Amino acid sequence: MTNERDPIIVLDHVSKSFGSKPVLQDVSLNVAPGEALCLLGRSGTGKSVTLKLMIALLLPDNGQIRIGGENIDKLKGVQLSHVRRKMGFLFQSAALFDSWTVYENLALPLRRLTSKSKKEIDESVDFFLHEVGLISDKNKMPVELSGGMKKRAGLARALVLEPEILLVDEPSSGLDRITAAEIDDLLLEQKIKRKTTMVIVTHDARGARRVGDRFAVLDQGCLLALGTADELDHNGNAIVHKLFEES
Amino acid sequence: MFGAAAMIPRVQSLAFLVEIGPLFAGLLVAGRVGAGIGAVLANMRATEQIDAIDAISIDSFNILVVPRIIACVVALPLLTMFMDFAALLGGFCSEFVLSHITLQLYVTRAFMNLEWSNFIPPTLKTTVFGFIIGTVSSFYGYTTNEGAEGVGRAATNSVVVSSLLIILADVILVKCIFLIFPESAV
């Protein structure tokens, strides 16, 4: 769909191992600006590792990862920080800071990384909490939130700096179908309204089909298939077929 | 021995101020705070909270580790003084029960011939203990990668290694204090 434009995320022959166990093997893919790429695959096939490589929480053993033209795995300090500021990350467990309230979780990046006044920070936090439907829960501690609320709070925190790129790790894991669909709606809204580039790791083929423009299927660290829903529907590989058809 | 009882307050004050107060404060903080720092940071690592801080381009080391080390360095001398005070109060109470000594006489005897060098350097040496507790506990907590199992291991390692290093540092620092302040050697 968007292949004519310069890709904003490029993985170029990336490999990663933990000890002697290879997790990713020679994976190459790219994501165009405004595109939503869904990474599908069985557990332990390197999907979350791929996301962490994209934001340099992990470094590749081989290959290059370029974000907006910058080779992120070679960056350090301020330069790395500058590239990471373009990105938001929704973790599988939401990873909310458990000793701070929902409000403080969202305010932290604004306090640390922007020159906004207290009033502006309050307004930004309220705006994003309103977007995810948690405005009445802003003074709650993470432990007081349900799984779906944690995911929404994590999403609000990932969005609070208005990133160009949103990396989402298992948005529907551990959630019922209705709550998972609500999270998908929020992602879809983000994609349509703000044209945010997204990479979404998921097991949920139904949700992926709703939000994604293209789909990559990983198996045992290798890229099995990459393409649109239509292309994957006609892919002959049994694993691709099973993963993409499951709902 | 004749007159030995009169020496008890002085012996107590010397023991508490020079050695027992600083060392016990260090070991207690290593047990209580060191385990806490190790467990909290390891839990943050296991639940991806540290990754989340890094992902929003904030230096997690600066906001999680540095303040904890500074807090330990600042808190240890203050806790040591509190410990010294509590120990001397306990010493007075026991002496009062046994020999009905007055507070004024206890204080006079306790601080008789006591030098500042018997109090200031031993108290300040606990900043080193605080640094050891802060760095060791933070190291074990911050660098763990064993999930939930690593939380317990980080807490245990923090206490054990901090305590051992505190005892080792104490031996070295006592020698250094005696070299720098020879008058403090009794």
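## Two domains in chain A

The domain assignment splits chain A into domain 1, covering 9-86 + 163-245, and domain 2, covering 97-155. Keep in mind that this is a predicted model. Taken over C-alpha atoms, the centres of domain 1 and domain 2 of chain A sit 25 Å apart.

What does each domain bring to the contact? Domain 1 of chain A puts in eight residues, and domain 2 of chain A puts in seven. Sort the domain 1 side of chain A by class and you get four nonpolar, two polar and two charged residues.

## A helix pair in chain B

Over in chain B, helix H1 (residues 4-46) packs with helix H7 (residues 147-180). The angle for this pair in chain B is about 155°, and the axes of H1 and H7 are 8 Å apart. Angles over 145 degrees count as roughly antiparallel, so that's what to call H1(B) relative to H7(B).

Which hand does the crossing of H1(B) and H7(B) have? The crossing of H1(B) and H7(B) is right-handed. As for what lines the contact of H1(B) with H7(B), there are 14 nonpolar and eleven polar residues, plus one charged residue.

## Where chain B meets chain A

How many residues of chain B are in contact with chain A? Ten residues of chain B are involved, and they touch 14 residues of chain A.

Looking at the chain B side that touches chain A, the classes come out as four nonpolar, three polar and three charged residues.

Key: Residues numbered from 1 in each chain as written. Chains lettered and ligands numbered in written order. Predicted model: local features only at pLDDT ≥ 70, side-chain atom pairs only at ≥ 80, totals over all residues. Axes fitted to C-alpha atoms, helices over the stretch in contact; angles between N-to-C directions. Helix = DSSP H or I, 4+ residues; strand = E, 2+ residues; numbered from the N terminus. Parallel < 35°, antiparallel > 145°, perpendicular 65-115°, else oblique. Left-handed = near helix turned anticlockwise from the far one by under 90°. Nonpolar A, V, L, I, M, F, W, Y, C, P; charged D, E, K, R; others polar. Contact = placed C-beta atoms within 7 Å. Domains from an automatic or database assignment.
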